[in-house]
Amino acid sequence: MSKTIGRDLTEGSIVKHLITFSSPLLLGNVFQALYNTVDSIWVGQFLGPEALGAVSVSFPITFVLISMVMGITMATSVLVSQYAGAKDADMISRTINNSLFLLGIAAVVFTGLGLIFSRKVLMLLNTPEDILGYAVEYLNIYLLGLVFTFGYNVVSSVLNGLGDSKTPVKFLIIATIANIILDPLLIFGFGFIPRMGIAGAALATILSQALSFLLVFRFLVKNNHLIKPDFKNFKFDRDLAWKLIKIGLPAGIQQIVVSMGLTMMTGITNLFGSNAVAAFGATSRLDQFAHMPAMSLGLATSALTGQNLGAQKHERVKEVFKWGNILAAGITAVIVILVMAFPGAILQIFTSAPHVLDIGSRYLRIVGISYIPFSLMFVTNGILRGAGDTLPTMVFSIVSLWLIRIPLARYLSSFKTLGVDGIWMAIAISSIISMTMSITYYLSGRWKNKKLVTKNAH
């Protein structure tokens, strides 16, 4: 494959590809978490609880918008990887153009509707009156930067599909550093820059996102001339656009379903008091970091699967499944050992309250067991996504969360002998069932029928 198209994942060591591809993604996840944490620190520590509450209450709205778009970007990555495997530069370019066109329309529509209805939506979410004004101000400014957020995500997905996971992360790190610098400058003012408060925090975010998008877009145009966006000769491809939506919509819905499910789990935990809620909040953040290696490997398996299916190298996909799961299980096993052996010490990063530490330690000892099956699920779902078979993973999420985890958490926690530990047991059980569904579907081989691309004879 020409170097201008990207990194060829259809040749060479699969283990090496998985490690070298997933490592930058893992670093990117860490910096993304840092990005969000820095925002919360500046707002919460220096602007007060009302401002922090305004940012927090805006999150569900922005998450839903971004989730829907992340489905399209994931679909873009799938198609680009398969066309890269088939060495079809023309279809890669057409996919990029149509994806940018769809997301451009989405950005305009979502921004317009958001600015019109932001106050009403926030009121529907029962936003307290004392933070409503802050929340509207923050959300409206954030919405103006959606075009940059969408743009960065789609170009990053293109590069990931081409086998380049390093470049998007490099620009994400630059954006994170820019955000760290801009936050205090715009929040408090400096020299000719006026003090902007919470509006400054929102503006720092969209300026940082704009920087990352412009840099990664410039890279795509400058260094990948065969697949750079060609707006002069752009032609809307209805079939290709429908293919992007058909692949991406289930993935976007899955993100929303997971978010709503986690909200419901928090509601059930609330019944057991503030200590349980605090423990759940702390352990959920630990879960996020514990799952990062497997999530990164899942994205790597998607890229490798897409390119190898495009190249009609089905045997290599079996190797991707095998080595992806071995790596995910091995890395996660180390995390499990640490979590099971030193739960209290790890939780003290977040809190020193004895009751919270006790509840959180029990959570880690119960749920920690399920980290390995959860990691296998990430990798297996990565195979299915790389094949473009996204509907089953959406169904698995709905079943495991809404038909198993939530009802089981309510039921088990109703026993006095279990109490809040019943919720933790439901999380572990549903994770194991989710893995079982994913692997069973993979072994059925039905995902192989999702043929999206035929190899270019030229």
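Lys313 and Glu11 form a salt bridge in which the closest N and O atoms are 2.5 Å apart. Lys313 sits in the loop between helix H9 (274-310) and helix H10 (314-341), while Glu11 belongs to the segment before helix H1 (14-46), so this pair ties together parts that are 302 residues apart in sequence. The model is predicted, not determined by experiment. Lys313 is partly exposed, with a relative accessible area of 25%. Glu11 is also partly exposed, and its relative accessible area is 46%.

**Salt bridges**

Side chains of opposite charge can pair when their charged atoms come close. How many salt bridges does a search of the whole structure find? The search finds 7. Three of them are listed here, including the pair described above.

| Salt bridge | N to O distance |
|---|---|
| Lys313 and Glu11 | 2.5 Å |
| Asp421 and Arg362 | 2.9 Å |
| Asp90 and Arg94 | 3.8 Å |

In the second row, Asp421 forms a salt bridge with Arg362. Asp421 lies in helix H15 (residues 421-444) and Arg362 in helix H12 (residues 354-367), so the pair ties together parts that are 59 residues apart in sequence. Is Asp421 buried or exposed? Asp421 counts as buried because its relative accessibility is 16%, and the cut-off for buried is under 20%. Arg362, at 28% relative accessibility, counts as partly exposed. Elsewhere, salt bridges that share partners join Asp90, Arg94 and Asp237 into one network.

Two members of that network, Asp90 and Arg94, meet through their side chains at 3.8 Å, N to O. Both are in helix H3, and since they are 4 residues apart, about one helical turn separates them. Asp90 counts as partly exposed at 48% relative accessibility. Arg94 is partly exposed too, with a relative accessible area of 33%.

**A buried residue in helix H9**

Asn308 lies in helix H9. Asn308 is buried, and its relative accessible area is 0%. Which residues does Asn308 contact, leaving aside its neighbours within four places in sequence? They are Leu9, Thr10, Lys313, Arg316 and Val317. One of these, Lys313, is the salt-bridge partner of Glu11.

**A nonpolar surface patch**

A nonpolar patch of about 750 Å² is found on the surface. The residues that make it are Phe101, Ile105, Val109, Leu113, Ile116, Phe117, Val121, Leu125 and Phe236. Val121 is found in helix H3, which covers residues 89-124. Val121 counts as partly exposed, at 31% relative accessibility.

**The protein as a whole**

What does the secondary structure of the protein come to? It comes to 15 helices and 0 strands. The radius of gyration is 22 Å, close to the 23 Å that the globule rule gives for 458 residues, so the protein is as compact as a globular protein of that length. Along its principal axes, the C-alpha trace spans about 65 × 55 × 35 Å.

Of the 458 residues, 54% are buried. Among contacts between residues at least 6 apart in sequence, 82% join residues at least 24 apart. The protein exposes about 20,400 Å², and carbon and sulfur atoms supply 68% of this area.

Technical notes:
Residues are numbered from 1 along each chain as its sequence is written. This is a predicted model: local features need pLDDT of at least 70, side-chain atom pairs count only at pLDDT 80 or more; totals for chains, interfaces and linings use all residues. Side-chain values use heavy atoms; hydrogens and water are left out. Patches are made of residues with over 30% relative accessible area and no salt bridge: like charges are joined within 9 Å, nonpolar side chains (Val, Leu, Ile, Met, Phe, Trp, Tyr) within 5 Å. Accessible areas come from the Shrake-Rupley method with a 1.4 Å probe; for residues, only the protein chains shown count as cover. A salt bridge is a side-chain nitrogen of Lys or Arg within 4 Å of a carboxyl oxygen of Asp or Glu. Helices (H or I, at least four residues) and strands (E, at least two) are DSSP runs, numbered from the N terminus. Buried means under 20% relative accessible area, exposed over 50%, partly exposed in between (1.4 Å probe, protein chains only). Contact means heavy atoms within 4.5 Å. The radius of gyration is taken over C-alpha atoms; the globule rule is 2.2 Å times the number of residues to the power 0.38.
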